[in-house]
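Welcome, and please open your viewer with a cartoon trace and side chains ready to switch on. We will go from one selection to the next, with a short note on what to look for at each stop.

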Amino acid sequence: PASTINNRDLDIAGDKRSKRDGWSWVFNGNPICVNNKLYYTLQNGRVYVIDASAEKFDQTALLSISDLGAAGKTWSLNTPSFANGKLYHRNLKELICIEEEK
């Protein structure tokens, strides 16, 4: 089961199907493109990064699959944002900043 409890201990999912792992509404956050990389996030917090400049859209275009948190404990319907060289994303409980190491 997926937890839909936010940082104020409120259950934000009105539909019990939202609590099942692997089920998702069609209202995922919008993908964004930053530096020719497409970021797409599913409701369960899984983030796919795709090379938007890839010559062929096949498995080689998939750069990364990451999670915004622990399986079953992460829930997100948010669109990432980008500002000043930093990628921001959030789930129900936290704001995440991803920055390139220098």
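Start by selecting Arg90, which stands opposite Leu95 in β7. Strands here are DSSP runs of E with at least two residues, helices are runs of H or I with at least four, and both are numbered from the N terminus. Before moving on, note that this is a predicted model, in which local features need pLDDT of at least 70 and side-chain atom pairs count only at pLDDT 80 or more, while totals for chains, interfaces and linings use all residues. Residues are numbered from 1 along each chain as its sequence is written, and side-chain values use heavy atoms, with hydrogens and water left out.

**Stop 1: the sheet around Arg90**

Select β6 (residues 86-90) together with β7 (95-99). These strands pair in the antiparallel sense over 5 bridges; pairing requires that DSSP finds at least two bridges between two strands. Between β6 and β7 lie 4 residues, and the two strands form a hairpin. Another bridge pair to label is His89 with its partner Ile96 in β7.

Now add β5 (81-83). β5 pairs with β6 over 3 bridges, again in the antiparallel sense, and Ser81 has Tyr88 as its bridge partner in β6. In this second hairpin, 2 residues sit between the strands, and Asn84 takes a positive phi near 50°.

Seen as a whole, this is an open sheet of 3 strands in the order β5-β6-β7, with antiparallel pairing. β5 and β7 are its edge strands, each pairing on one side only. From one strand to the next the twist averages 25°, with axes taken as lines fitted to C-alpha atoms (for helices, over the stretch in contact) and angles running from 0 to 180 degrees between N-to-C directions.

**Stop 2: the two faces of β6**

Turn on the side chains of β6. In a regular strand the side chains alternate between the two faces of the sheet. Which residues of β6 point to one face and are buried? They are Leu87 and His89, while Lys86, Tyr88 and Arg90 point to the other face and are not buried. Buried means under 20% relative accessible area, exposed means over 50%, and partly exposed is in between (1.4 Å probe, protein chains only).

**Stop 3: Asn78**

Next, select Asn78, in the loop between β4 and β5. Asn78 counts as buried because its relative accessibility is 18%. Its side chain joins that of Arg90 through a polar contact of 3.0 Å. A polar contact is a pair of N or O atoms within 3.5 Å; within protein, one must be able to donate a hydrogen and the other to accept it, and residues adjacent in sequence count only if both atoms are side-chain atoms. Leaving aside residues up to four places away in sequence, Asn78 touches Gly29, Thr41, His89 and Arg90, where contact means heavy atoms within 4.5 Å.

**Stop 4: the sheet of 4 strands**

Select β1 to β4, an open sheet in the order β1-β2-β3-β4, with antiparallel pairing. β1 (32-34) and β4 (62-67) stand at the edges with a single partner strand each, so one side of each has no neighbour in the sheet. The twist here averages 20° from one strand to the next. β1 and β2 (residues 37-41) run antiparallel and are joined by 3 bridges; label Cys33 and its bridge partner in β2, Leu38.

**Stop 5: the cysteines and a loop lysine**

How many disulfides are there? The count is 0, a disulfide being a pair of cysteine sulfur atoms within 2.5 Å. Cys33 is in no disulfide, and the nearest cysteine sulfur, that of Cys97, is 19 Å away. That distance is too far for a bond. Cys97 counts as partly exposed, because its relative accessibility is 42%.

For a last side chain, pick Lys56, in the loop between β3 (46-51) and β4. At 57% relative accessibility, Lys56 counts as exposed. A C-alpha to C-alpha line to Pro31 spans 19 Å, and the two residues are 25 apart in sequence.

**Zoom out**

Finally, show the whole chain, with its 0 helices and 7 strands. Its C-alpha atoms fill a box of roughly 40 × 30 × 20 Å along the principal axes. Of the 102 residues, 28% are buried.
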